[in-house]
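Me: I am new to this structure and would be grateful for a close look at one part of it, the packing of one pair of helices. Please place that part within the rest of the chain as well.

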Amino acid sequence: MSLLVNDTIGHIAGVSNTFGVEKCQLYFLFHGETKLGNGVRGFLYFTALAYCFIGLSAITARFFRSMEHVVKHTRIVEEIDPFTNTIVVKHKKVWNYTIADITLLAFGTSFPQISLATIDAIRNIGQVYAGGLGPGTLVGSAAFDLFPIHAVCVIVPKAGELKKISDIGVWLVELFWSFWAYIWLYITLEVWTPNVITLWEALLTVLQFGLLLLHAYAQDMRWPYLSLPIARSKRPEEWVPVETAPCRNGNTAYDEYQKLPYTEVAESSDQFSREIPDKDNLLSIWKQQFIDALTLENPESRKLNNTSLRIAKLFWELLCAPWRILFAAFVPPYQIAHGWVSFILSLVFISGIAYIVTKLTDLISCVTGIDAYVIAFTALAAGTSWPDLMASKIAAERQITADSAIANITCSNSVNIYIGIGVPWLIDTLYNFFAYNEPLRIENAGYLSFSLLVFFATSVGCIGVLVFRRLTLGAELGGPRLWAWVTCVYFMLLWLIFVVLSSLHIYGLI
């Protein structure tokens, strides 16, 4: 996430930490920005940052739709009926749901951190010290994933609606590997080889992602000796329920396949028709994307009696319109190639917007004098974790169970360490090992131990409440509106405790 934090510290060296005393010489687009006052620039950069969050919300919704189509993909399997000795044709899912949650969902929403850190590692090849995604910043991201995202997901279900984890065993496995990732981070930086990363440490970091996949799959399939003996409650056949109502407008909605002039791949347990849209139909679907992007009011908004609320919704749709038009033009319909083209291009846009977010947060740090690490713990962590938040929110809204919404949180934290840090470390340590026979050194690892201690302490409070809700309400998400909001506020309070204590430690106040 903080791809440019180290660069920012170097750039703002010599710039006063007192707001408005000296001009920040960095700029976003034009050198003329430096002629504006720091207060004006700070306001403009914060506004641009907020607008990037809106863009991330829009593209993440499209990313999630395309991922649904990827997961729905089936393959034809021929089996011999043992009783009739005849060939029976069946359609089986290509993706295991647990593996889809870890790879497509968690890996996909963590792609901004992974891509930015990898690019920075390539740029840093040959340097003695590692640049890019600092371990301390990723702890801030972990805290954002664990607390604010849980806070949002718990209030997403309708009043009284309960959504629970159907496979507690898989969740416990994912939770273990998530916590172990940060314990491993502490061991490598503070205990094993302090402030130094060796080639073997980097390689072991990456390989542990494979162990996470293997262990989670073993638990899902209930392999002997490798899985916990915990029964799984019945889960739905489909990864997401079949929609029966249009999403945006009342005419030819973009998501209503049966109203379009072609039949999509129907991949429910009892209906399998396979037909790829022809060129004319594909153009009509793509055209519908633009119609939806330009539609500012849907039938539900027109029915609102509250004029102020209707104007607010119209203003929100107007803000989103430029992003939607951009994505409608360059991200094709997810009906193509089982959603893979839309999935990949959505990731490209997510990474691009996340890169802009990192630039803006660096500029905010420069013009305000706020320590770059404090920015990283808050705005930068939120910016690059925004796809995680939106994906978990959408999963909590659309799926019958809470498995994917919560799995995305725990697995994203694992992916951030095993891949987001592991791959850049591996790139740099490989080069240093063969070129200089030297390890990779890490700067500013001193903040890590304290932040990790605070993170672990507050995490216990978060997980404890989830377990308490399961034992009392029977589900982790939703429930009575009052208790859902109480849980939400409690999770946000834990996040504030983490941010405040970590920031005070950075400034040397505790």
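Reply: The account below begins with the chain, turns to the helix pair, and then considers a few individual residues.

The model is a predicted one. Its chain has 510 residues, of which 52% are buried. The secondary structure consists of 16 helices and eight strands. Among the contacts with a separation of 6 or more, 77% join residues that lie 24 or more positions apart. The surface that the chain exposes amounts to about 23000 Å², and 67% of this area comes from carbon and sulfur atoms.

Confidence should be kept in view while reading the model. The average pLDDT of the chain is 79, and 83% of the residues reach at least 70. Helix α6, residues 148-155, has the highest mean, 94, whereas strand β5, residues 266-268, has the lowest, 32. Two stretches deserve caution. Over residues 1-21 the pLDDT stays under 50, and the model gives this stretch 53 contacts beyond four places in sequence. Residues 258-276 likewise stay under 50, with 40 contacts beyond four places in sequence.

The pair of helices requested is α7, which spans residues 168-192, and α14, which spans residues 403-435. Two packed helices are described by the angle between their axes and the distance between the axes. For α7 and α14, the axes come within 9 Å and cross at roughly 35°. The crossing of α7 past α14 is left-handed. On the α7 side, the contact is formed by Trp 171, Glu 174, Leu 175, Trp 177, Ser 178, Trp 180, Ala 181, Tyr 182, Leu 185, Thr 188 and Leu 189. From α14 come Ile 406, Ala 407, Thr 410, Cys 411, Asn 413, Ser 414, Asn 416, Ile 417, Tyr 418, Ile 421 and Trp 425. By character, the residues of this contact comprise 15 nonpolar, six polar and one charged.

Another helix, α12, covers residues 340-368 and contains Ser 342. Ser 342 counts as buried because its relative accessibility is 0%. Apart from neighbours within four places in sequence, Ser 342 touches Arg 62, Ser 66, Val 331, Pro 332, Pro 333 and Tyr 334. Cys 366 also belongs to α12. With a relative accessible area of 4%, Cys 366 is buried as well. Although 341 residues separate Cys 366 from Gln 25 along the chain, their C-alpha atoms are 8.4 Å apart.

Two loop residues complete the picture through their backbone angles. Most residues other than glycine have a negative phi. Tyr 225, however, has a positive phi near 70°. This tyrosine, Tyr 225, sits in the loop between α8, residues 199-221, and β5. Its relative accessibility is 85%, so Tyr 225 is classed as exposed. Ala 337 too has a positive phi, near 50°. The loop that holds Ala 337 runs between α11, residues 307-330, and α12. Ala 337 has a relative accessible area of 41% and is therefore partly exposed.

In summary, α7 and α14 meet in a left-handed crossing, with their axes within 9 Å and at roughly 35°, and 15 of the residues in their contact are nonpolar.

Technical notes: Residues are numbered from 1 along each chain as its sequence is written. This is a predicted model: local features need pLDDT of at least 70, side-chain atom pairs count only at pLDDT 80 or more; totals for chains, interfaces and linings use all residues. Side-chain values use heavy atoms; hydrogens and water are left out. Axes are lines fitted to C-alpha atoms, for helices over the stretch in contact, and angles run from 0 to 180 degrees between N-to-C directions. Helices (H or I, at least four residues) and strands (E, at least two) are DSSP runs, numbered from the N terminus. A crossing is left-handed if the near helix is turned anticlockwise from the far one by less than a right angle, and right-handed if clockwise. Contact means heavy atoms within 4.5 Å. Ala, Val, Leu, Ile, Met, Phe, Trp, Tyr, Cys and Pro count as nonpolar, Asp, Glu, Lys and Arg as charged, and the others, Gly among them, as polar. Buried means under 20% relative accessible area, exposed over 50%, partly exposed in between (1.4 Å probe, protein chains only). Accessible areas come from the Shrake-Rupley method with a 1.4 Å probe; for residues, only the protein chains shown count as cover. pLDDT is the predictor's confidence in each residue, from 0 to 100.
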